Amino acid sequence: MATTVTRKTADFKDLDFNFTKLSTTKDVAKKADVEAVKQSMKSLLRTRYFERPFQPYLGTSIADLLFENNTPMTRRLIEKSIREVIDNHEPRARLDEVQVFDEADTNSYRVRIFFHIVNFTGSEVFETYLTRTR
């Protein structure tokens, strides 16, 4: 007799940070599953230490590193900071690889994060640009 095993997967939902309004219910739109995790990663990467009240250890030093000289060491520090913040504050994602490329023409960095979501099959890629602001 064959038995089938059904795998219960978690259903991740977050508010859409653009706060778009649904036309049908007049409620705020939601992001689900992969898009919710990617939005959370983006938020974590843009958060500085001591920026969120009562959470002084949540954040990264990426904003400060963007003003440093463009060297291999700076790229390694950005990569390390990304790994730390996602490993410590995003329990839904498991990192596979983090790539940081310098964009010398625009004084920015292109970041590609390869990860998989807990209880989901397949891997995902999140890509963003880190640019310093004055």
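How many residues does helix α1 have, and how far does helix α1 reach from its first C-alpha to its last? Helix α1, which covers residues 33-45, has 13 residues and reaches 19 Å between those two atoms, a span close to the 18 Å expected at 1.5 Å a residue. The structure in which this helix sits is a predicted model, and the paragraphs below move from the chain as a whole to its core and then to single residues.

The chain holds 3 helices and 5 strands, and, read from the N terminus on, these elements follow the order β-β-α-α-α-β-β-β. Along its principal axes, the C-alpha trace of the chain spans about 65 × 45 × 35 Å. The chain has 134 residues, of which 31% are buried, and it exposes about 9,400 Å², with carbon and sulfur atoms supplying 50% of that area. Among the contacts in the chain with a separation of 6 or more, 38% are accounted for by residues 24 or more positions apart. As for charge, the chain carries 22 positive and 20 negative charges, and the mean positions of these two sets are 3 Å apart.

Helix α1 leads from this overall view to the interior. Its buried residues are Val34, Ala36, Val37, Lys38, Gln39, Ser40, Met41, Leu44 and Leu45. One of these, Met41, also belongs to the largest nonpolar core, a set of 25 residues in which Met41, Ile78, Ile82, Ile113 and Phe115 touch the most other members. The elements that give two or more residues to this core are α1, α2 (62-65), α3 (72-89), β3 (93-103), β4 (108-117) and β5 (124-131).

Phe115 shows what such a core residue has around it. Leaving aside neighbours within four places in sequence, Phe115 is in contact with Val37, Lys38 and Met41, and also with Ala93, Arg94, Leu95 and Asp96. The remaining contacts of Phe115 are with Ser123, Glu124, Val125 and Phe126.

Gln39 offers another view of helix α1, the element in which Gln39 lies. Is Gln39 buried or exposed? Gln39 counts as buried because its relative accessibility is 10%, which is under the 20% that sets the limit for a buried residue. Not counting residues up to four places away in sequence, Gln39 touches Asp14, Leu15, Asp16 and Phe17, together with Lys31.

After helix α1, the chain passes through the loop between α1 and α2, where Phe50 is found and where Phe54 also has its place. Phe50 has a positive phi of about 65 degrees although it is not a glycine, and phi of Phe54, likewise a residue other than glycine, is positive as well, near 65 degrees. Phe50 is classed as exposed because its relative accessible area is 67%, and Phe54 is classed as exposed because its relative accessible area is 84%; the limit that an exposed residue has to pass is 50%.

Strand β3 can be followed through Val100, which has its place there. With a relative accessible area of 13%, Val100 is buried. Val100 and Leu77 are 23 residues apart in sequence, while their C-alpha atoms are 9.9 Å apart in space. Not counting residues up to four places away in sequence, Val100 touches Arg75, Ile78 and Glu79 and, in addition, Tyr109, Arg110 and Val111. Among these partners, Ile78 has already appeared as one of the core residues that touch the most other members.

Strand β5 contains Glu127, and why does Glu127 count as partly exposed? Glu127 is given that class because its relative accessible area is 40%, a value that falls in between the limits of 20% and 50%. Apart from neighbours within four places in sequence, Glu127 is in contact with Arg110, Val111 and Arg112. The C-alpha atoms of Glu127 and Arg110 are separated by 7.3 Å, although the two residues are 17 residues apart along the chain.

Between β4 and β5 runs a loop in which Asn119 has its place. At 36% relative accessibility, Asn119 counts as partly exposed. Asn119 and Asp11 are 108 residues apart in sequence, yet they are 9.7 Å apart in space, C-alpha to C-alpha.

Methods. Residues are numbered from 1 along each chain as its sequence is written. This is a predicted model: local features need pLDDT of at least 70, side-chain atom pairs count only at pLDDT 80 or more; totals for chains, interfaces and linings use all residues. Side-chain values use heavy atoms; hydrogens and water are left out. Helices (H or I, at least four residues) and strands (E, at least two) are DSSP runs, numbered from the N terminus. Buried means under 20% relative accessible area, exposed over 50%, partly exposed in between (1.4 Å probe, protein chains only). Contact means heavy atoms within 4.5 Å. Accessible areas come from the Shrake-Rupley method with a 1.4 Å probe; for residues, only the protein chains shown count as cover. Lys and Arg count as positive and Asp and Glu as negative; His and the chain ends are not counted. The place of a charge is taken as NZ of Lys, CZ of Arg, CG of Asp or CD of Glu. The expected span of a helix is 1.5 Å times one less than its number of residues. A nonpolar core is a set of buried Ala, Val, Leu, Ile, Met, Phe, Trp, Tyr and Cys residues joined through side-chain atoms within 4.5 Å.
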